[in-house]
Amino acid sequence: MDQKEILKHVDHTQLRAFATWEDIQKLCEEAIEYETASVCIPPCYIKRVHDTYGEKINICTVVGFPLGYSVTEAKAAETKKALEDGASEVDMVVNISDVKNGNYDAVQAEIAALKKITGDKILKVIIETCYLTEEEKIAMCKAVTAAGADYIKTSTGFGTAGATLEDIRLFRENIGPDVKMKAAGGVKTVADMEAFLEAGCDRIGTSSAIQLIQGEQTSGY
């Protein structure tokens, strides 16, 4: 697969708790140079990135991250602030406690509430597959679809495991036709990125994509 095409599907990510402005600048400059789909950054950096880079960059951020158990009102406030500061995409974490309790209606309602706020901006829903049974994953596919979210996403990258091809295949069988898929967590090689895209993912979340592509020394870069 052409590596420029791979990078068009990458959310170039830096979400470490101790990320400095220099780390974020490096991420943004790489994203501009290599034309990644977006940068995925902590909410506290959105406004500064937007003020610095303007329309040169597509800003993605996270809400309810990484544990997901903040209340809906808090996630709604985070989402509103992120959009005001200049984000175009929001990756929210579901309330995993609600999922484990079988309270799928509450999860769906929360996703729908955040989608109402994002409007024509993109909402991705992180279900943190490493903590869920197959039954729960299928229920989340249905909730994400019914709530009108744009993407279902495997993982935060902060859980006990990340994306697997098995989960992507399960998603593909159970999401609606308007829902796209994002793999994140543990995507560590160019072959991994190719495999997830070939399995049907539209986005890949990773902090390693540029480094991996540089290591490949692809012609044209």
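**Entry 1: strands β6, β7 and β8**

I looked up I152 first and found that residue opposite M181 in β7. The model is a predicted one: local features need pLDDT of at least 70 and side-chain atom pairs count only at pLDDT 80 or more, while totals for chains, interfaces and linings use all residues. Residues are numbered from 1 along each chain as its sequence is written, and side-chain values use heavy atoms, with hydrogens and water left out.

I took helices (H or I, at least four residues) and strands (E, at least two) as DSSP runs, numbered from the N terminus. I count two strands as paired if DSSP finds at least two bridges between them. Strand β6 (residues 151–153) runs parallel to β7, and three bridges join them. On to strand β8 (residues 203–206): β7 pairs with β8 over three bridges, again in the parallel sense. There, I noted R203 of β8 as the bridge partner of K182.

I then checked the connections. Helix α8 (residues 165–174) forms a right-handed β-α-β unit with β6 and β7. Helix α9 (residues 190–198) forms a right-handed β-α-β unit with β7 and β8. Right-handed here means that, with the strands pointing away from the viewer, the path from the first strand over the helix to the second runs clockwise.

How many of the five residues of strand β7 (residues 180–184) are buried? I find four, so the strand is largely enclosed by the rest of the structure. My cut-offs are under 20% relative accessible area for buried, over 50% for exposed and partly exposed in between (1.4 Å probe, protein chains only).

**Entry 2: annotated residues**

I pulled the UniProt annotation "active site" from an unreviewed entry; it covers D91, K153 and K182. They span 92 residues in sequence, yet no two of their C-alpha atoms are more than 10.1 Å apart, so they gather at one spot. Of these residues, K153 and K182 are included in the lining of the largest pocket. A pocket is an open set of points on a 1 Å grid over the protein atoms alone, where a 1.4 Å probe fits, with protein on both sides within 12 Å along at least five of seven lines; lining residues have an atom within 4 Å of a point. UniProt positions are given in the numbering used here, feature names are shortened, and annotations may be inferred rather than shown by experiment.

I placed K153 in strand β6. K153 counts as buried because its relative accessibility is 3%. Leaving aside neighbours within four places in sequence, I list its contacts (heavy atoms within 4.5 Å) as D91, V125, I126, I127, E128, F171, K182 and A184.

**Entry 3: helix α7**

I compared the span of helix α7 (residues 134–147) with the expected one, which is 1.5 Å times one less than the number of residues. For its 14 residues 20 Å is expected, and the end C-alpha atoms are 20 Å apart, which agrees. The buried residues of α7 are E136, K137, A139, M140, C141, A143, V144 and A147. Among the elements covering them are α5 (96–100), α6 (104–118), β5 (122–126), β6 and α8.

I checked K137 of α7 separately. K137 has a relative accessible area of 12%, so I class it as buried. Not counting residues up to four places away in sequence, K137 touches I127, T129, L132, D167 and L170. After α7 comes G148, with a positive phi near 85°.
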